[in-house]
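The following paragraphs lead the reader through a helix, a hairpin and a few side-chain contacts. Please keep the sequence and the model in view.

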Amino acid sequence: MMRTQLVRPRRDPAPAVSPAVPGVAAGVAAGREVEIRPVLADDGERMRAFLCGLSLHTQTLRFFTGLGRPGEGLVRALLRVDERRDVLLAVHGETVVGHVMGFDRDGGVEISVVVADEWQGRGIGSRLVRRLLHRAEARGAEAVGMDVLAENRKVLSMIRAWWPDAAMAVSAGTVEVVAQLRRRGRGDAAAADAV
């Protein structure tokens, strides 16, 4: 299963991001904007810079290890999109500030997400996950799965809030999470935004 870090909220006075329309720039703090978008062909160096800028703590929460200098293979793998993989980036101007990826498997999608340390706690991870899950549901996904470090209590609390009926199994310091996605019917935009 893929590794994940949804969001590690920080205690700063930054306003929360409005989840109104995924993919549309939204104010994050003091005039700064973040756009959620698909991967572009020239995102390799932006992604490498993003990974290099993550603290060891954030790297460990997402990859379960420190990265050092990320190799070309890792960068390519994190940006690869195909019939079973989906990737979205959160960007501020030309700078990557968040990454989410999903892998379709057995009627569900396994996800992983990470947000740059200085952008955490502002709703970016939630927006990334929500947008990716909308896309996965459109491809037929009915469940979401992820692995979370057991010490990542904030993310586990968020998962419990989003999916109170999620199945969680603890193994070797990680929590394997599986939750049913809410199927959207006509006119059910509120439920879609709650995912």
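**From helix to hairpin**

G140, which follows α4, has a positive phi near 105°. This is a predicted model, in which local features need pLDDT of at least 70 and side-chain atom pairs count only at pLDDT 80 or more, while totals for chains, interfaces and linings use all residues. Residues are numbered from 1 along each chain as its sequence is written, and side-chain values use heavy atoms, with hydrogens and water left out.

Helix α4 itself covers residues 124–138 (helices are DSSP runs of H or I with at least four residues, strands runs of E with at least two, numbered from the N terminus). Its 15 residues reach 21 Å from the first C-alpha to the last, close to the 21 Å expected at 1.5 Å a residue; the expected span is 1.5 Å times one less than the number of residues. Of these 15 residues, 13 are buried (under 20% relative accessible area with a 1.4 Å probe, protein chains only; over 50% is exposed, and in between is partly exposed).

Strand β3 (residues 85–92) is likewise mostly covered, with 7 of its 8 residues buried. It runs antiparallel to β4 (residues 95–105), joined by 8 bridges; strands pair if DSSP finds at least two bridges between them. V91 stands opposite V96 in β4. The hairpin has 2 residues between its strands, and G93 takes a positive phi near 65° there.

Among the side chains, R62 lies over the face of F63, 4.3 Å from the ring centre, and R122 lies over the face of W119 at 5.8 Å. For such a contact, NZ of Lys or CZ of Arg is within 6 Å of the ring centre and within 35 degrees of the ring normal.
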